[in-house]
Amino acid sequence: GINAEYMGRMVRLIRSAPGLQKLFRTLLYSLPSLLNVTLLLLLLFFNFAIIGVSLFGRLRNTGALTDNIHFRNAGAPVITLYVLATTEAWADVMAAMLERPDGCEADDACGSWAAIPFCVVFMIAGSFVMLNLFIAIVLENFSNSGFSEEEQLAPF
């Protein structure tokens, strides 16, 4: 129906614009390398999720730690790490991981100073390094795609 019609329009648009063809070709050449970086990013998330569960798995819901953002089970740490990687509310999450509410010693649910290096190292590795790797791969494939310098600088 309607989706096939829109896809047909996009294909016609790409075929009629040589600049778009070059960009899509570059993106297609970049896919294997981007897949490798994505797998590396997933490995990073998995390792930090395991570390987070072992360090912060007993923390109570306080501040930014909620029923969805916590380190108590296997799935939620990935969401929590995604929040850290997007730098959306990382300061709130880190503050909640540092918090030591009254009576936390009884069930070992106290925050830890380890939240600071945990969050900072993950944000540097997860956000900044990986984002730059994605950009570098696409730019490298664009420069290796054999376009002349005029074609690279020319608008569509």
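Before looking at how helices pack, I fixed my terms: axes are lines fitted to C-alpha atoms, for helices over the stretch in contact, and angles run from 0 to 180 degrees between N-to-C directions. Helices are DSSP runs (H or I, at least four residues), numbered from the N terminus.

Housekeeping: this is a predicted model, where local features need pLDDT of at least 70, side-chain atom pairs count only at pLDDT 80 or more, and totals for chains, interfaces and linings use all residues. Residues are numbered from 1 along each chain as its sequence is written, and side-chain values use heavy atoms, with hydrogens and water left out.

**α2 against α3**

I got an angle of about 110° for this pair, with the axes 9 Å apart. Angles of 65 to 115 degrees count as roughly perpendicular, so α2 and α3 are put in that class. For the contacts (heavy atoms within 4.5 Å), I listed Phe45, Phe48, Ala49 and Val53 on the α2 side, meeting Pro77, Val78, Leu81, Tyr82 and Ala85 of α3.

**How covered is α3?**

I used buried for under 20% relative accessible area (1.4 Å probe, protein chains only). Seven of the ten residues in α3 are buried, so I noted the helix as mostly covered. Among the buried ones are Thr80, Val83 and Leu84. The cover includes α2, α4 and α5. After α3 comes threonine 87, and I noted its positive phi, near 55°.

**Core**

Next I pulled the largest nonpolar core, meaning a set of buried Ala, Val, Leu, Ile, Met, Phe, Trp, Tyr and Cys residues joined through side-chain atoms within 4.5 Å. The core has 30 residues, and those with the most contacts inside it are Phe56, Leu81, Leu84, Val93, Met97, Phe118 and Phe122. At least two core residues come from each of α2 (18-56), α3 (76-85), α4 (90-98) and α5 (115-143). I then looked up phenylalanine 122: leaving aside neighbours within four places in sequence, its contacts are Leu44, Phe45, Phe48, Leu81, Leu84, Ala85, Pro117 and Ser127.

**Alanine 96**

This residue is in helix α4. Alanine 96 is buried, at a relative accessible area of 3%. Not counting residues up to four places away in sequence, I found alanine 96 touching Leu59, Thr62, Gly63, Ala64 and Leu65. Alanine 64 is 32 residues away from alanine 96 in sequence, yet the C-alpha to C-alpha separation is 5.9 Å.

**Cysteines**

I searched the whole structure for disulfides (a pair of cysteine sulfur atoms within 2.5 Å) and got zero. Why does cysteine 119 have no bond? The closest cysteine sulfur, in cysteine 110, is 17 Å from its own, which is too far. Cysteine 119 is also buried, with a relative accessible area of 0%.

Notes:
Buried < 20%, exposed > 50% of the residue type's maximum accessible area, 1.4 Å probe, protein only. Parallel < 35°, antiparallel > 145°, perpendicular 65-115°, else oblique.
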